[in-house]
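Visitor: I should like to examine this structure and to hear the reasoning behind each term applied to it.

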Amino acid sequence: MTTLAIDIGGTKLAAALVEGDVMSMRRACPTPGSRTPGALEEALRALVLPLVKHAGRVAVASTGIIHNGVLTSINPANLGGLEHFPLVAFLEAATQLPVMAVNDAQAAAWAEFCALPERDDMVFLTVSTGVGGGVVLNGKLQTGSGGLAGHLGHTLADPAGPLCGCGRRGCVEAIASGRGIAAQAQGELAGLDAKAIFSRDTPQARGLVASSAHALARLIADVKAVTDCQVVVVGGSVGLAEGYLPLVKACLSQEPDVYQVPLRAAHYRHDAGLLGAALLATGDAL
Ligand SMILES: [Zn+2]
């Protein structure tokens, strides 16, 4: 059966048909700027309706917490105005197809798990605009009873650190994410985005990238202690930026032996959320 997969992100919406692990008819559009439920509904209809007639079911990967088919935002800055959006009910009515939905990092974690040569216990971390994660243990994606499992970006990196969009101070996301790197920039780097900061070879730029890598390495030691995972897969635009993963590896190597775990770059650069949601809809992973 062909799955219509949808990815709802803070900056773009994407959709594609997925059969097995083959994707076709991929479409994308910007996430509506007004960020009201009505604007999102209109954008989703325009994006997915041309694909509906080819599909037998819908699978959604979305930013935020997905619980009982409802989307809520842990960091309202990512999807302001969309708290308690009834994602599954809306898409079932719009497409007349069965719909399942899961957090986007959890979906990507499942796609990355399926791409591993050995399906060991794994943790996926994506370092991008925010920091997201997903945990797969004993072949099962951990979503938690309320959908919160794996939101590793909101664990504590520094109790005196910057305020995070979730309301907590010093989350990993506030320090290590692209938005966090940009927010901490001062002087000649003020106002630049993370990509531009990565391209500058100045002491401040190197320091910001290093503190991001340090925060991520400490998080990886923590998740090793919590899950005893056998591999950590790192993705996202910051996570896959040139030279970033070696920095994280160097920081992790400073930790005691018991916290060491192999790090791998993500197999899927883009669309892991679309593919992971489709793979979850076809299997019994949840
Ligand atoms: Zn947070």
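Visitor: What joins strand 4 to strand 7, and do they run parallel or antiparallel?

Guide: In this predicted model, strand 4 (residues 57–62) and strand 7 run parallel and are joined by 5 bridges. Pairing requires at least two bridges, and 5 bridges are found here. One of the partnerships is that of Ala-61 with Val-102 in strand 7.

Visitor: How do you know that strand 7 is mostly covered?

Guide: Of the 5 residues in strand 7 (residues 99–103), 5 are buried.

Visitor: Which residues coordinate the zinc ion?

Guide: The donors are His-154 (ND1), Cys-164 (SG), Cys-166 (SG) and Cys-171 (SG), at 2.1 to 2.4 Å. Their spacing in sequence is H-x9-C-x1-C-x4-C.

Visitor: Why is the arrangement around the zinc ion called tetrahedral?

Guide: Four donors qualify if all angles lie between 85 and 135 degrees. The 4 donor atoms subtend angles of 105 to 121 degrees, and the arrangement is therefore tetrahedral.

Visitor: Why does His-154 count as buried, and what is the status of Cys-166?

Guide: Buried means under 20% relative accessible area, exposed over 50%. His-154 has 12% relative accessibility and so counts as buried. Cys-166 has a relative accessible area of 27% and is therefore partly exposed.

Visitor: What makes the radius of gyration of the protein chain agree with that of a compact globule?

Guide: A compact globule of 286 residues would have a radius of gyration near 19 Å; the protein chain has 18 Å, so the value agrees. Of the 286 residues, 50% count as buried.

Definitions and conventions: Residues numbered from 1 in each chain as written. Predicted model: local features only at pLDDT ≥ 70, side-chain atom pairs only at ≥ 80, totals over all residues. Heavy atoms only, no water. Donors = N, O, S within 2.8 Å, 3.2 Å for Na, K, Ca; no water. Tetrahedral: all angles 85-135°; square planar, octahedral: opposite > 155°, others 65-115°. Buried < 20%, exposed > 50% of the residue type's maximum accessible area, 1.4 Å probe, protein only. Helix = DSSP H or I, 4+ residues; strand = E, 2+ residues; numbered from the N terminus. Rg over C-alpha atoms; globule rule 2.2 N^0.38 Å.
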